[in-house]
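Dear colleague,

Please find the structure below, handed over for your study. A short account of what was found in it follows.

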Amino acid sequence: METIRNQTEPLKTSQYIHTMERLLHVVQELSAARDQETVMDIVRHSVRDLTGSDGATFVLRDHDFCYYAEEDSISPLWKGNRFPMQICISGWVMLNKTPAIIDDIYSDPRIPIDIYRKTYVKSLAMVPIKTNDPIGAIGCYWAQKQHVTPEQLKVLQVLADTAAIAMDNIHYQSIIAAKAKQLEDAIDGTLMAIANMVEQKDLYTAGHQRRVAQIGLAIAQELGLSRECCEKVFRAGVVHDIGKIGIPSELLAKPAKLTEIEYALIKTHSEAGYTILKNVPLLSEIAQIILQHHERYNGSGYPQGLKRDEILLEAQILAVADVFESMISHRPYRPALGIDAAMDELIQNRGILYHPDIVDAMIHLVIHKGYEIPE
Ligand SMILES: [Fe+2]
């Protein structure tokens, strides 16, 4: 006849402190978890560790079934199996919203004994995850009959409650991430629509903005800039000439050199672009980049004559991408000048008109990395 291990003695102080420290560590780990698999992994390891059990399981409610999603056990139990809520103890725990402590599984009518007979399990404790509206359960199993102590049950419930909070956090984070993605898609869609509007008006701008955006992005990536910075370069690039919408089409397509007055009018486009976008929520930074895309490193650009670090890095990247793309493309007043001429322009004015690091990145892309110019 088996003896029942009695663990009703209060935990000794040192053991209690160790358990609390370990529990605190697990709570911290759970609060940092970013996906459900990590939550389950942390829980299944810590349950055995903190309760001294021989097996731990993580069960998820799947409609009318209990899905035994994870386990950590001296020998396999039910990982990957589904059982109807009505016949398994985790189902009972979830339906009754209360823990189950079973010192002897062979004398408890809630246990489907045929399923347990082939396992080592003699005693178990199971607690619901989210007591008010259970979404699952966490359980531990022992190979010897024993009384589960109030401390063990408390630890198990703290783990379940913390797991519930962690799973809620993950759920809300996924909703926020999906909303952020929707917002980003909306921004990109809006920018593309704006770009198309300008390009409808000016045949020579058609494709130019997109290509400048792509070249700018390649430079930003070559410079090792952050994802956020790269996105700003690309987005600003897509609409950098939006201000041309206010300039007469005949002027934009004039097949001859512009007069001084005409050129002065063309030069208003960076400020006009800024004015169009500066008050659009989430696009104010893009507006600033557009405002500065014709500024030059030595202060000879427009509209403000900014120089060096006064000019946003993203705007300086677009300046190089813009000049490069313009020179290799046909214009109403001249044929394409070619890549060699574009490279010469950048090299000759490296550190004069253009930021030296950005020129170096462009040269490295074209000469050493075989960068293919976007069509
Ligand atoms: Fe421009």
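**The iron site**

The iron ion has as its protein donors D241 (OD), H269 (NE2), H293 (NE2) and H294 (NE2), at 2.2 to 2.3 Å from it. Donors here are N, O and S atoms within 2.8 Å of the metal (3.2 Å for Na, K and Ca), and sites may look incomplete since water is not among the atoms. H269 belongs to helix α10 (residues 269-277) and H294 to the loop between α11 (284-291) and α12 (313-328), so the pair ties together parts that are 25 residues apart in sequence. Helices are DSSP runs (H or I, at least four residues), numbered from the N terminus. Both H269 and H294 are buried, that is, under 20% relative accessible area (1.4 Å probe, protein chains only).

This is a predicted model, in which local features need pLDDT of at least 70 and side-chain atom pairs count only at pLDDT 80 or more, while totals for chains, interfaces and linings use all residues. Residues are numbered from 1 along each chain as its sequence is written, and side-chain values use heavy atoms, leaving out hydrogens and water.

**The nonpolar cores**

The largest nonpolar core (buried Ala, Val, Leu, Ile, Met, Phe, Trp, Tyr and Cys residues joined through side-chain atoms within 4.5 Å) has 46 residues. I219, V239, L277, F324 and M362 have the most contacts inside it. Helix α12 gives the most to this core, with 9 residues. Apart from this core lies another, of 31 residues, including A33 and L159.

Yours faithfully

How values were computed
Helix = DSSP H or I, 4+ residues; strand = E, 2+ residues; numbered from the N terminus. Buried < 20%, exposed > 50% of the residue type's maximum accessible area, 1.4 Å probe, protein only.
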